[in-house]
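I opened this notebook to record what surrounds the bound ligand and where enclosed space is left in the protein. The entries follow the order in which I looked things up.

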Amino acid sequence: MNFKKRSLFGSLAIASSLLLAACGGGDEASTDPADDDATGEETYEWRFATEEWPGQVQYEYAQEFADKLNEKSDGRINIDVYEFGGLGSEVDQVEMLQTGGVEFGIISPGFTGTLVPEGNIFALQFLFPDDLELNQQILNESEALNTHLAEKYLEQDIMPLAFWHEGAMQWTGSSELRTPEDFEGFQMRTQESPLILESYRAYGAEPTPMSWDDLYLSLEQGIVDGQENPIFFIEDANFHEVQEHMTLSQHNIYVTMTTVNPTFFEGLPEDIQDMILETTEEMRDRGYEIQKELNEELLTVIEEDTDNPTEVIELTEEERDAFRQQALPVRDFYVDEVGEDGQMILDMLEAEIEEALNE
Ligand code: 6CS
């Protein structure tokens, strides 16, 4: 049993109070200041939803973001950071951000694939190069993402402030995953986005979307055979306890977004907006730095956990290439699904990646 499971009762209590707010029963995405402080200046109380727990990358990032804003505003801005589980599933959190039940959220595109089909771009395996630092630079600077994809999110009441990644994704399984054939009939847990499912069908797997809240038990009980995630998450969520094998596949990077409710943001005074944007800039590489440290440290923990031995499989470049070849046609599927704008975003991102590699 996963000892880190949180109290359901506490979680439901938080979720229902925020849902009330989202339904208009509370201060829905209100830009109204909470109150005035002793000097008569406005103060603000905001909520920031994350998809992870304390100690994991998103939560630590969000807490630093909150602390910085608090400091910059001389204590006038107070943000409550919510760990995952208290506000429902990842998809529930997306809806809360859209409706103003929370002002800020870290949202992974893997949970918005139906809402913003163009965001499925991050499900395309072997699209980004292996250099993780370069990938963060691409995410920071990409016009395809920060302008064109961001517009698609904005149309759905989600305003991306920054795209960043939590490291390379790896596979774990109850059986070895070395070749695409190993995925034949393999029950793979995925996030919700349709293109993630399609990517695993391309290997012959049978993908099952589910929240990560249900994943430990599903792996333990054999409801699914395996999953994909960065190493820090595999260790911290204890998936390695219930998986025999981990393949260092680096088939993708885990991209996520710092987001804000646009109506709330646009209603804020300009100086407060500037503080948020400045904080976002200062935080640009923090996600990268936090994931780097955790991913390195926790790989050793998995390797040295003799109570829960996990075979760590390192793929050769030739072995990775076999997956790459099977993954490439999924890009056509992406374009068929998202049409002209999606094609433009993909073409532009591919050109930006090429340029970054040649610099
Ligand atoms: O696998 C997932 O769904 C989760 N993985 C990470 C790295 N962060 C949150 C997400 O929900």
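Which atom of the ligand does a polar side-chain atom of Glu52 approach, and at what distance? I noted beforehand that the model is predicted. I found that the partner is a nitrogen atom of the ligand, 2.6 Å from the polar side-chain atom of Glu52.

**Entry: further polar contacts.** I then looked up Gln191, where an N or O atom of the side chain lies 3.1 Å from an oxygen atom of the ligand. For Tyr254, I recorded 3.4 Å between a side-chain N or O atom and a nitrogen atom of the ligand. I next checked the cover: the ligand taken alone exposes 300 Å², and the protein buries 100% of that.

**Entry: the shell.** I listed the residues around the ligand, among them Glu51, Glu90, Phe111, Arg189, Trp212, Asn229, Pro230 and Phe233. Glu52, Gln191 and Tyr254, already noted for their contacts, belong to this list, as does Gln58. By class, I recorded five nonpolar, three polar and four charged residues in the shell. I also looked up the domains: domain 1 (8–165 + 254–296 + 333–358) and domain 2 (170–252 + 305–331) each supply at least three residues of the shell.

**Entry: cavities.** How many cavities of 30 Å³ or more does the structure hold? I recorded four. For the largest cavity, I noted a volume of about 210 Å³. It is lined by 19 residues, and those closest to its centre are Gly110, Phe122, Met169, Gln191 and Ile196. The ligand takes up the space of the second largest cavity. I therefore entered Gln191 under two headings: it is in the shell around the ligand, and it is among the residues that line the largest cavity.

Terms used. Residues numbered from 1 in each chain as written. Predicted model: local features only at pLDDT ≥ 70, side-chain atom pairs only at ≥ 80, totals over all residues. Heavy atoms only, no water. Near = heavy atom within 4 Å. Polar contact = N/O pair within 3.5 Å; in protein donor to acceptor, adjacent residues only side chain to side chain. Areas by Shrake-Rupley, 256 points an atom, 1.4 Å probe, with all protein chains shown as cover. 1 Å grid on protein atoms, 1.4 Å probe; cavity = no way out; pocket = protein on both sides within 12 Å on 5 of 7 lines; lining within 4 Å. Sits in = over half its atoms within 2 Å of the grid points. Nonpolar A, V, L, I, M, F, W, Y, C, P; charged D, E, K, R; others polar. Domains from an automatic or database assignment. Points joined across faces, edges and corners; volume = space filled by probe spheres on them.
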